[in-house]
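I opened this notebook to record what I looked up in one structure. The entries follow the order in which I made the searches.

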Amino acid sequence: MNCAVCGATMRPTRGALPFRTTEQAIVIVKNLPLVECENCAQYLIEDAVLSRVDEILATVDGAAELEIIRYAA
Ligand SMILES: [Zn+2]
C-alpha cells in the first residue's frame with residue numbers, strides 16, 4: 001500500500017491515539033495497530049481495528065475525563 005498524500009510506502013506499526021467518547025471524555029488507546037507512512041505523518045487504521053476500537057470504547061463508562069486503555073484484539 002502507498003501513501004495517499006506523498007506516495008511513499010506505508011508500513012505497519014503500533015501507536016497510541018486519542019478517541020473522543022463524549023463532549024468531555026477522551027480515551028487514549030495504546031498499542032493500536034496502525035499503518036504509517038514512512039515519509040510523512042499520514043496514517044491509516046484498518047477497518048477491523050477500528051471496529052474493535054468501537055467495541056472497546058463502548059465498554060468505557062465515560063466517568064473519567066481521560067482514560068488510557070491498551071488495545072487488545
Ligand atoms: Zn506519506
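**Entry 1: salt bridges**

I began with a pair of charged side chains: Glu36 and Arg11 meet in a salt bridge, at 3.3 Å from N to O. I counted a salt bridge where a side-chain nitrogen of Lys or Arg is within 4 Å of a carboxyl oxygen of Asp or Glu. Side chains of opposite charge can pair when their charged atoms come close.

I noted that the model is predicted, so local features need pLDDT of at least 70 and side-chain atom pairs count only at pLDDT 80 or more, while totals for chains, interfaces and linings use all residues. Residues are numbered from 1 along each chain as its sequence is written, and side-chain values use heavy atoms, with hydrogens and water left out.

Glu36 lies in strand 2 and Arg11 in strand 1, so this salt bridge ties together parts that are 25 residues apart in sequence. I took helices (H or I, at least four residues) and strands (E, at least two) as DSSP runs, numbered from the N terminus.

Are the two partners buried or exposed? I used relative accessible area: buried means under 20%, exposed over 50%, and partly exposed in between (1.4 Å probe, protein chains only). Glu36 is partly exposed at 27%, and Arg11 is partly exposed at 37%.

How many salt bridges does the rule give? The count is two. In the other entry on my list, Glu55 pairs with Arg52, and the closest N and O atoms are 2.7 Å apart. Both residues lie in helix 1, three residues apart, which is about one turn of the helix. Glu55 is partly exposed at 46%, as is Arg52 at 26%.

**Entry 2: the zinc ion**

Which atoms hold the zinc ion? I found the SG atoms of Cys3, Cys6, Cys37 and Cys40 as its protein donors, 2.3 to 2.4 Å away. Donors are N, O and S atoms within 2.8 Å of the metal (3.2 Å for Na, K and Ca); water is not among the atoms, so sites may look incomplete.

The angles among the four donor atoms are 102 to 119°, and the site is tetrahedral, a label that requires all angles of four donors to lie between 85 and 135 degrees. Along the chain the donors follow the spacing C-x2-C-x30-C-x2-C. The pair Cys6 and Cys37 links distant parts of the chain, 31 residues apart: Cys6 is in the segment before strand 1 (10–20), and Cys37 is in strand 2 (residues 26–37).

Cys37 is buried at 4%, whereas Cys6 is partly exposed at 35%. Cys40 is partly exposed at 27%.

I also searched the whole structure for disulfides and found zero; the rule asks for a pair of cysteine sulfur atoms within 2.5 Å.

**Entry 3: nonpolar cores**

I defined a nonpolar core as a set of buried Ala, Val, Leu, Ile, Met, Phe, Trp, Tyr and Cys residues joined through side-chain atoms within 4.5 Å. The largest has 14 residues, and Phe19, Leu32, Ile45, Val53 and Tyr71 have the most contacts inside it. Strand 1, strand 2 and helix 1 (47–58) each supply at least two residues of this core. A second, separate core has five residues, including Cys3, Met10, Val35 and Cys37.

**Entry 4: the whole chain**

The chain has one helix and four strands, in the order β-β-β-α-β from the N terminus. Buried residues make up 30% of its 73 residues.

Technical notes: Four donors count as tetrahedral if all angles lie between 85 and 135 degrees; four count as square planar and six as octahedral if opposite donors are over 155 degrees apart and all others between 65 and 115; anything else is irregular.
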